[in-house]
Amino acid sequence: MRTLDDLLAEGVSGRRVLVRADLNVPLGSDDGVDRITDDGRIRASLPTIRRLAEAGARVVVTAHLGRPKGAPDPTYSLEPVAARLGELLGTAVPLAGDLVGDSARSTVDGLADGGVALLENVRFDARETSKDDAERAALAVELAALVGESGVFVSDGFGVVHRKQASVFDVARALPGYAGGLVLAELEVLRRLTGTPDRPYVVVLGGSKVSDKLAVIESLLPKVDRLLVGGGMCFTFMAAEGLGVGDSLLEADMIDTCKRLLAESGDKIVLPADVVIADKFAADASTESVPAERLREGWMGLDIGSTTAERYGEVLAGAGTVFWNGPMGVFELAPFAEGTRAVARSIVDSDAYSVVGGGDSAAAVRALGLPEDGFSHISTGGGASLEFLEGKELPGIAVLEGS
Ligand code: ADP
Ligand code: MG
């Protein structure tokens, strides 16, 4: 697989380089104006862009934001992202008004050596995510045309490498492809987890749904020493143990699967001993902390309790390697953030090699004020890191290995 270093050794001065970055940041608004609530992914994309620009490349960045329906939609414009990227780079980053049209062409033509431009949301073009190979290939050819004869492609959007999409996969066939610095760094970390991790290897899983994470649970269980479960998914496991879960998040069709996992690996799976329950899903709900067996009708579990957080903390303190994916509770609402904060704090305090994967988990680290450098690595790709850990082939990586 050719890398960014190989490309820089070849020389990029004056050449146009198409960079696929993952700039899909959360936007929030409390006054009608959309603002970036967590710019972690933009910051993670900077080193590769900077190295190319400093080497004199004309950097053309392509990225997506949210899930527009394959047509231009101002709600999902990359405008705030271009502004933030420019601030962080310390140079204006012009945003093309389209993806591969007149505006994109003239924006790219206007780039000087060392300049950086951003193309408008790649998902404004339905071909980006098309299941039809020919449609995707056609868009890839148009993207490639923007960077011309001596142009190359740098794949640096780790958060999207598990997607077989035009700007991730097909474009690496239309142009010489190179793995960017972020993609390489993420792969190195994940290989450490799938190789021979220092033991005990403890995985903390939370988040909303078991069904999202079932595949990774199945493939991790044989490799880990302990699986600490929290978040919305713990209630389906608790139901599998015969406990009532009240109005908590429950995936009834997953109960049998959870029963099987508990029967096969019950010695490794640890479930909450106590939970924080609420009478509604809101910051001003009435709340109570109860033993897991006392969750009752009319109440929903929105966080792990303090006894659970303490027990998980003891396991984490002795861990050699930790992988954490998925918040322990609804951390976005203050009354239900403590479990996630406590578990994250335990990971920070342990000497383990620690990796955080998952968009919401990474956002939680920053939102709850934990030091980012307290973790060995915070992955920018939730889905991509989970698929890697499951042992699946990542199309955006495979295509680079094949070229
Ligand atoms: P990640 O992005 O880190 O992989 P997920 O997307 O799987 O994590 O899940 C994150 C979401 O799970 C958060 O928005 C959080 O509010 C929600 N969540 C956590 N615990 C619960 C719970 N007990 N009930 C409902 N939702 C929960
Ligand atoms: Mg998420």
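Here is a short chat about the ligand site and the cysteines in this predicted model.

Biologist: Which residues come nearest to ligand 1?

Modeller: The shell around ligand 1 holds 18 residues. The ones that come nearest are K213, G301, E332, D360 and S361.

Biologist: What is the distance from a polar side-chain atom of E332 to an oxygen atom of ligand 1?

Modeller: Let's take a few polar contacts in turn. N325 puts a polar side-chain atom 3.3 Å from a ligand 1 oxygen, and G359 has a backbone N or O atom at 3.4 Å from one. For the E332 side chain, the value is 2.5 Å.

Biologist: How much of the accessible area of ligand 1 does the protein cover?

Modeller: On its own, ligand 1 has 580 Å² of accessible area. The share of that covered by the protein is 85%.

Biologist: Which element supplies the largest share of the shell around ligand 1?

Modeller: Two elements supply at least two shell residues each: β13 (300-304) and α13 (359-367). By type, the shell splits into four nonpolar, eleven polar and three charged residues. The largest share is three residues, and they come from α13.

Biologist: Why is C258 in no bond with the closest cysteine sulfur, in C234?

Modeller: The count of disulfides is zero. Both cysteines are buried, C234 with a relative accessible area of 1% and C258 with 0%. A disulfide needs the two sulfur atoms within 2.5 Å. The C258 sulfur is too far from that of C234 for a bond, because the distance is 10 Å.

Key. Residues numbered from 1 in each chain as written. Chains lettered and ligands numbered in written order. Predicted model: local features only at pLDDT ≥ 70, side-chain atom pairs only at ≥ 80, totals over all residues. Heavy atoms only, no water. Near = heavy atom within 4 Å. Polar contact = N/O pair within 3.5 Å; in protein donor to acceptor, adjacent residues only side chain to side chain. Areas by Shrake-Rupley, 256 points an atom, 1.4 Å probe, with all protein chains shown as cover. Helix = DSSP H or I, 4+ residues; strand = E, 2+ residues; numbered from the N terminus. Nonpolar A, V, L, I, M, F, W, Y, C, P; charged D, E, K, R; others polar. Buried < 20%, exposed > 50% of the residue type's maximum accessible area, 1.4 Å probe, protein only.
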